[in-house]
Structure formats: C-alpha cells, structure tokens
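Me: Got a model open here and want to talk it through. Can we start with the pockets?

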Amino acid sequence: MLFLFNLIYAATWGTVAFLIPTEVFPSEMRAQGNGFGITGWAIGVGWTVLVNPIMFAHLKSRTYFLFAGLNLLWIPIVYLFYPETTDRSLESIEAMFSSKSPFYSKMEEAYRAEGDVLAVRHLSLSNPPQVARKLGHEHDHDSFEHSEKASDNV
C-alpha cells in the first residue's frame, strides 16, 4: 500500500509544488515564487517524515485513510482557487491575477476581460517583421534584418 500510495501521490499531487509556482507567477517574480513553493513543499515533507512514525505507531494502517481523507479535502480547494493555465501564454497569466477575488471563477472573468496578450496583438514569433510593423516599431524590422544578415554570415 505504501508503494502504491507514493506512486499515485508522486504522479499527481506531488508535482503541484514544482509546477504551479512556475506557471502562475509573472516573469519578474517566477524565481521567488518557485522558491516559496519548494520551501513549502520541503517543510511539508519534513513534517510528514517526523510525524509518520508517531501516526503509524498509534493509528497503524488507518494512517492511510487519514492521508486519503486529507487528499480528498483538497479537491474543493483546488477546484475553487487554483487557476487553469492550459493553452495560455505566460504573459497572459498575469491578467488572471488582476482580479481582487481569490476564486477561480473571478480569475477567469478577469482573463476574458483582459484577453490573451499574444492573441489580442496577433503576435507571431515566426514572422517578426510583420509583428514590428503591426505594433508600429519600424526600427525593429531594420534590426531584425540586420541580425538576419549577421546570422547568414556566420
């Protein structure tokens, strides 16, 4: 049971501390957010290691039911508070957090109101000169051509 629990936990909830901070924090705060996420994970793992022998001594195999119950307790929390970041640019994630409410539904409303940064501007990384012209930065086109010629000479 221990092997099965750890296998399932590591593949599901165990990744949250590593993934969520890297996806939801804006670029300038990503390293600090990731640091806080990993620190919280390490504290949680540390306490679990210290408390597990005591729980197994007193609760025996019922400890697993406690773990399962605590994991089930997180389902509504994740549903209500954790934003979905699938198919969203890192630049646009910040729009979700412009809402004053911590609820996911309010974050979605803020995202729809602010829009996807890349989709609104019709940016395409495959065609930088057109992007520069659309945004009114003609000098970017010249610098792109210069860098393109320089890379051809290498």
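Me: What classes of residue line the second largest pocket?
Reply: This is a predicted model. In it, the lining of the second largest pocket divides into nine nonpolar, one polar and two charged residues.

Me: Which residues are they?
Reply: The lining consists of Trp13, Val16, Leu19, Ile20, Glu23, Val78, Tyr79, Tyr82, Pro83, Glu84, Thr85 and Tyr104. Glu23 and Glu84 are the charged pair, because Glu counts as charged. Thr85 is the polar one, because Thr falls outside the nonpolar and charged groups.

Me: Which helices supply at least two residues each there?
Reply: H2 and H4 do. H2 gives the most, with four residues.

Me: And what's the volume of that second largest pocket?
Reply: About 290 Å³.

Me: Now the largest pocket. How much space lies in it?
Reply: About 1100 Å³. The lining has 34 residues.

Me: Which of those are closest to the centre?
Reply: Tyr9, Gly44, Val45, Thr48 and Asn71.

Me: What elements give two or more residues to that lining?
Reply: Helix H1 (2-11), helix H2 (16-24), H3 and H4. H3 gives the most, with 13 residues.

Me: How does the lining of the largest pocket split by class?
Reply: It has 25 nonpolar residues, nine polar and no charged ones. The second largest pocket, for its part, has two charged residues in its lining.

Me: Switching topic. At what angle do H3 and H4 pack?
Reply: About 120°, with the axes 8 Å apart. H3 covers residues 30-59 and H4 covers residues 62-81.

Me: Is that perpendicular or oblique?
Reply: Oblique. Roughly perpendicular runs from 65 to 115 degrees, so an angle of about 120° falls outside that range.

Me: Which residues make the contact?
Reply: On H3, Asn52, Met55, Phe56, His58 and Leu59. On H4, the residues are Arg62, Thr63, Tyr64, Leu66 and Phe67.

Me: How many of them are nonpolar, polar or charged?
Reply: Six are nonpolar, three polar and one charged. The charged one is Arg62, because Arg counts as charged.

Me: What about the loop between H3 and H4? Where does Lys60 come in?
Reply: Lys60 is in that loop. Phi of Lys60 is near 55°, a positive value in a residue other than glycine.

Me: Buried or exposed?
Reply: Exposed. Lys60 has a relative accessibility of 54%, and the cut-off for exposed is over 50%, so Lys60 passes.

Me: What's phi at Asp87?
Reply: Near 60°. That is also a positive value in a residue other than glycine. Asp87 lies in the loop between H4 and helix H5 (90-96).

Me: And is Asp87 buried or exposed?
Reply: Exposed, with a relative accessible area of 75%.

Me: Zooming out. How many helices and strands does the chain have?
Reply: Nine helices and zero strands. Along the sequence the pattern reads α-α-α-α-α-α-α-α-α.

Me: How much of the chain is buried?
Reply: Buried residues are 21% of the 154 in the chain.

Me: Last one. What share of the contacts comes from residues 24 or more positions apart?
Reply: They account for 33% of the contacts with a separation of 6 or more.

Methods: Residues numbered from 1 in each chain as written. Predicted model: local features only at pLDDT ≥ 70, side-chain atom pairs only at ≥ 80, totals over all residues. Heavy atoms only, no water. Axes fitted to C-alpha atoms, helices over the stretch in contact; angles between N-to-C directions. Parallel < 35°, antiparallel > 145°, perpendicular 65-115°, else oblique. Contact = heavy atoms within 4.5 Å. 1 Å grid on protein atoms, 1.4 Å probe; cavity = no way out; pocket = protein on both sides within 12 Å on 5 of 7 lines; lining within 4 Å. Points joined across faces, edges and corners; volume = space filled by probe spheres on them. Buried < 20%, exposed > 50% of the residue type's maximum accessible area, 1.4 Å probe, protein only.
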